[in-house]
Amino acid sequence: MKENTYYLVSLGCAKNTVDSESMAALLEQKGYQGVGKPSQAKIMIVNTCGFIAPARQESIEILQDLAHKKKSGQYLIAAGCLTERSRQLMLERIEGVDGFIGTRRWMDIIELIEKLDQRGNNIAQYEIPEDTTIGKDEKGVTRSALQGASAYLKIADGCRRPCAFCSIPLIKGTTVSRSPELIIKDAESLQSEGVQELILIAQDTTDYGFDLGMKDGLTSLLKDLLPRIPEIPWVRMLYAYPGYVTDSLIEFMAATPQMLHYLDIPLQHASPDLLKSMKRPSDMDWVHRTIEKMRRAMPDLALRTTFIVGYPGETEEQFKMLLDFIEEIKFDHLGAFTFSFEPGTASEPLGDTIPEEVKLERMDRLMKLQEKISLNRNQAFIGRSLNVLIEGAGDGLSVGRSYRDAPEIDGLVLIEDEVEAGQIVPVKITGAMTHDLSGYLDTKK
């Protein structure tokens with residue numbers, strides 16, 4: 001173990017990844033060096049996820065394992081969502097954590113380490129005082145995470161939506177948007193590093209700028225941002241909130257070559273009554289009209305969504321309504337989760353009324369339906385040429401993603417040739433699987 005070394009584990013979503021990369025950047029600015037094994041590090045950091053029970057359990061188990069293996073002179077720091085939401089639970093279940101830092105104060109990681117150094121090995125639990133700020137951008141840390149030729153760029157944090165099942169507002173607070181100037185500065189920095197795909201993320205990208213007094217803030221941001229990053233050919237957005245995909249956003253996406261024709265709109269269900277119980281937008285007419293409008297403007301649009309199965313009170317009739325909706329819309333990609341009971345959320349009084357075996361049986365039916373739809377959607381691309389961002393190569397093959405596939409959550413394109421990672425190349429599609437495509441380099445393009 002060397003001085004000024006750190007080991008960082010990042011759990012959960014891409015937004016957590018951005019915070020982890022930002023902490024790492026601060027550490028490296030101060031002369032710390034990242035290492036690949038916890039035994040090599042003086043500072044061990046786990047950026048936890050606290051969204052649902054399985055994620056919380058994974059975070060606790062990793063912290064417990066590191067605490068058990070911790071040597072004299074090492075510090076173990078718990079950061080992130082679980083720390084923000086369930087600090088008392090962590091104190092009760094984990095012995096050996098030296099410091100806590102929440103989602104809204106990750107930028108104080110250096111101050112926390114300095115406090116730990118001042119107190120020595122026999123220290124009490126220490127925590128940075130929390131506040132409601134998103135971060136101290138004046139510290140010069142890019143709010144992004146670079147992964148190969150792709151990069152996530154966070155445009156806002158927190159969420160003001162009232163979804164009954166969701167703990168994010170409890171963890172991160174209400175929406176706080178970053179200024180357009182700082183977002184553009186970060187994007188220009190990523191452009192200078194050769195990024196080929198910029199992924200704008202927030203809990204709800206369509207709410208961007210509301211707290212800044214902006215009208216249709218996301219479209220305004222995009223109109224200012226894209227001319228400043230002409231060398232980044234792909235710009236993707238995650239995630240859009242139902243009811244807030246504006247006509248101007250659709251028109252801009254359709255008219256701007258840099259904007260990928262891909263949108264993730266987590267709808268959660270198709271039953272208006274159940275959506276009202278979830279405190280979600282329940283106007284399914286809007287959903288149908290907007291999807292029709294988007295597909296008319298962008299015939300090649302790739303749509304992704306997420307649904308909850310087994311929400312309290314979900315009847316078989318309501319679940320069948322969801323299946324019929326999926327059959328009708330035919331999403332390119334779909335994620336589904338069984339309802340997770342979350343104490344402290346607005347849905348807590350509803351309990352957890354659907355038996356686990358019913359949840360799992362419904363989930364199985366839903367995913368089997370979606371697998372057929374996904375396969376049919378993929379088969380429609382056979383014979384066509386798609387631009388593919390190469391992510392890796394070896395043994396005569398390459399793997400990458402088309403505009404239809406966001407990193408880590410969607411499918412891949414397998415190519416019968418080795419191509420250097422980071423390039424966008426045309427690929428003739430010759431094969432289709434449930435989630436992935438295959439093909440060869442299209443030398444005629």
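A residue counts as buried under 20% relative accessible area, as exposed over 50%, and as partly exposed in between. Keep that scale in mind as we walk through this predicted model.

**Stop 1: Asn4.** Select Asn4, in the segment before β1. Is Asn4 buried, exposed or partly exposed? Its relative accessible area is 37%, so Asn4 is partly exposed. Now look at the backbone: Asn4 has a positive phi of about 55 degrees, although it is not a glycine. Most residues other than glycine have a negative phi.

**Stop 2: strand β3.** Moving along, select residues 43-48, which make up strand β3. How many of its six residues are buried? The answer is six, and the strand is mostly covered. Show the side chains and you can sort them into two sets: Ile43, Ile45 and Asn47 point one way from β3, while Met44, Val46 and Thr48 point the other way. Residues of both sets are buried.

Next, bring in the strands that pair with β3. Strand β1, residues 5-10, pairs with β3 in the parallel sense over five bridges. To find one of these pairings, select Val9, whose bridge partner in β3 is Val46. Then add strand β4, residues 75-80, which runs parallel to β3 and is joined to it by six bridges. Here, Ile45 stands opposite Ile77 in β4.

Before leaving, colour helix α2, residues 53-69, as well. Together, β3, α2 and β4 make a right-handed β-α-β unit.

**Stop 3: Asp216.** Jump ahead to Asp216, found in the loop between β11 (197-201) and α8 (217-225). Asp216 is another residue with a positive phi, about 50 degrees, and it is not a glycine. Its relative accessibility is 27%, so Asp216 counts as partly exposed.

**Stop 4: a cis peptide bond.** Select Leu238 and Tyr239 and zoom in on the bond that links them. What is special about this peptide bond? The bond is cis, with omega near 10 degrees, whereas most peptide bonds are trans. Tyr239 lies in the loop between β12 (234-238) and α9, and α9 is where we go next.

**Stop 5: two helices together.** Show helix α9 (residues 247-255) and helix α11 (residues 284-297). Two packed helices are described by the angle between their axes and the distance between the axes. For this pair, the axes come within 9 Å and cross at roughly 25 degrees. Angles under 35 degrees count as roughly parallel, so α9 is roughly parallel to α11. The crossing is right-handed. To see which residues make the contact, select Asp247, Ile250 and Ala254 on α9, then Thr290, Lys293, Met294 and Ala297 on α11.

**Stop 6: an open sheet.** For the last stop, select β13, β14 and β15. These three strands form an open sheet in the order β13-β14-β15, with parallel pairing. Which strands lie at the edges? They are β13 (262-264) and β15 (333-338), each pairing on one side only. On average, neighbouring strands of this sheet are turned by 15 degrees against each other, direction ignored.

Look more closely at β13 and β14 (residues 302-309), which pair over three bridges. Asp264 stands opposite Arg304 in β14. Finally, switch on helix α13, residues 356-379. This helix lies across β14 and β15, and runs at about 175 degrees to β15.

Note on methods
Residues numbered from 1 in each chain as written. Predicted model: local features only at pLDDT ≥ 70, side-chain atom pairs only at ≥ 80, totals over all residues. Heavy atoms only, no water. Buried < 20%, exposed > 50% of the residue type's maximum accessible area, 1.4 Å probe, protein only. Helix = DSSP H or I, 4+ residues; strand = E, 2+ residues; numbered from the N terminus. Pairing = 2+ DSSP bridges. Right-handed = clockwise from strand over helix to strand, strands pointing away. Axes fitted to C-alpha atoms, helices over the stretch in contact; angles between N-to-C directions. Parallel < 35°, antiparallel > 145°, perpendicular 65-115°, else oblique. Left-handed = near helix turned anticlockwise from the far one by under 90°. Contact = heavy atoms within 4.5 Å.
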